[in-house]
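Work through these exercises with the coordinates open. Try each task before reading its solution.

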Amino acid sequence: MTYTVRAVAPADADQWRDLYSAYREFYAMVPDAELVDRVWGWIGDAAHETDALVAVDGHGTLAGLAHYRRFARPSSGTTGLWLDDLFTRPDLRGGGVGRALIDAVTRIADDEQLSVVRWITNENNATARRLYDTMATATKWVTYDRPVSSS
């Protein structure tokens, strides 16, 4: 099947919420409708850094999503594009949805003359990593997260 990749639209809200909730479930995150609504608000806010693309089939059904944002790279004096979230409906994995979304994000970076498209994934996400290994180079960098206390 062929998918069209485009910017998310207001009419996509319900399907996007379903996809993003499934993404969170895939990564064993606690269900949180308020958080999902907050992220939808970010995507719809032109002043917020988060943008989104969706892959759509010929019937208008969303097959996948990609959230991305620009980030400064002081070490190279350039700006890159960070792919925060990439998700394909489980029944469509291996059918080209993820590749189409990554290619679309890469075209955005090319059009804006950005220096890199970067993303992370869980080390045990073998299905995604098989795709990623054909499209990008795994880096030597290790990611750390340090919780911050809320005041």
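**Exercise 1. Find the residue with positive phi that follows H3, and place it.**

Solution. Keep in mind that the model is predicted.
- Step 1. Go past the end of H3: Gln 113 follows, and its phi is positive, near 55°.
- Step 2. Check the residue type. Gln 113 is not a glycine, yet its phi is about 55°. Most residues other than glycine have a negative phi.
- Step 3. Locate it. Gln 113 sits in the loop between H3 and E5.
- Step 4. Judge its accessibility. The cut-off for exposed is over 50%. Gln 113 has 74% relative accessibility, so it counts as exposed.

**Exercise 2. Repeat the analysis for the residue with positive phi that follows H1.**

Solution.
- Step 1. The residue after H1 to pick is Ala 28, with a positive phi near 55°.
- Step 2. Ala 28 is a residue other than glycine.
- Step 3. Its place is the loop between H1 and H2.
- Step 4. The relative accessible area of Ala 28 is 69%, so Ala 28 is exposed.

**Exercise 3. Test the length of H1, then decide how its buried residues are arranged.**

Solution.
- Step 1. Compute the expected span. H1 has 14 residues, and at 1.5 Å a residue they should span 20 Å.
- Step 2. Compare with the model. The end C-alpha atoms of H1 are 20 Å apart, which agrees.
- Step 3. List the buried residues: Ala 13, Trp 16, Leu 19, Tyr 20, Tyr 23 and Arg 24.
- Step 4. Look down the axis. The buried residues of H1 fall within an arc of 140°, so they line one face of the helix. An α-helix has 3.6 residues a turn, so residues three or four places apart point the same way.
- Step 5. Turn to the other side of H1. Asp 14, Asp 18 and Glu 25 are exposed there.
- Step 6. Ask what covers the buried residues of H1. The cover includes H2, E3 and E4.

**Exercise 4. Do the same for H2.**

Solution.
- Step 1. H2 covers residues 33–44, and its 12 residues should span 16 Å at 1.5 Å a residue. Its end C-alpha atoms are 17 Å apart, which agrees.
- Step 2. The buried residues of H2 are Leu 35, Val 36, Val 39, Trp 40 and Ile 43.
- Step 3. These cover an arc of only 140° around the axis, which puts them on the same side of H2.
- Step 4. Glu 34 and Gly 44 are exposed on the other side of H2.
- Step 5. The buried residues of H2 pack against H1, E2 and E3.

**Exercise 5. Check the span of H3 and identify what covers its buried residues.**

Solution.
- Step 1. At 1.5 Å a residue, the 15 residues of H3 should span 21 Å. The end C-alpha atoms are 21 Å apart, which agrees.
- Step 2. Buried residues in H3 include Val 97, Leu 101, Val 105 and Ile 108.
- Step 3. The elements that cover the buried residues of H3 include E1, E2, E3, E4, E5 and H4.

**Exercise 6. Is Val 56 buried or exposed, and what does it contact?**

Solution.
- Step 1. Assign the element. Val 56 lies in strand E2.
- Step 2. Apply the cut-off. Buried means under 20% relative accessible area. Val 56 is at 8%, so it is buried.
- Step 3. Leave aside neighbours within four places in sequence. Val 56 then contacts Thr 2, Tyr 3, Thr 4, Arg 6, Thr 61 and Leu 62.
- Step 4. Take one partner, Arg 6. It is 50 residues from Val 56 along the chain, and their C-alpha atoms are separated by 7.8 Å.

**Exercise 7. Describe the largest and second largest pockets.**

Solution.
- Step 1. The largest pocket has a volume of about 730 Å³. Of its 19 lining residues, Trp 119, Ile 120, Thr 121, Ala 138 and Thr 139 are closest to the centre.
- Step 2. E5 and H4 are the elements that give two or more residues to this lining. The largest share, 3 residues, comes from H4.
- Step 3. The lining of the largest pocket divides into 10 nonpolar, 5 polar and 4 charged residues.
- Step 4. The second largest pocket holds about 550 Å³ of space. Its lining has 27 residues, and Leu 86, Thr 88, Asn 125, Ala 128 and Tyr 132 lie nearest its centre.
- Step 5. H1, E4, H3 and H4 each give two or more residues to the lining of the second largest pocket. E4 supplies the largest share, 6 residues.
- Step 6. By class, the lining of the second largest pocket has 14 nonpolar, 9 polar and 4 charged residues.

Note on methods:
Residues numbered from 1 in each chain as written. Predicted model: local features only at pLDDT ≥ 70, side-chain atom pairs only at ≥ 80, totals over all residues. Heavy atoms only, no water. 1 Å grid on protein atoms, 1.4 Å probe; cavity = no way out; pocket = protein on both sides within 12 Å on 5 of 7 lines; lining within 4 Å. Points joined across faces, edges and corners; volume = space filled by probe spheres on them. Helix = DSSP H or I, 4+ residues; strand = E, 2+ residues; numbered from the N terminus. Nonpolar A, V, L, I, M, F, W, Y, C, P; charged D, E, K, R; others polar. Expected span 1.5 Å × (residues − 1). Buried < 20%, exposed > 50% of the residue type's maximum accessible area, 1.4 Å probe, protein only. Arc of directions from axis to C-beta. Contact = heavy atoms within 4.5 Å.
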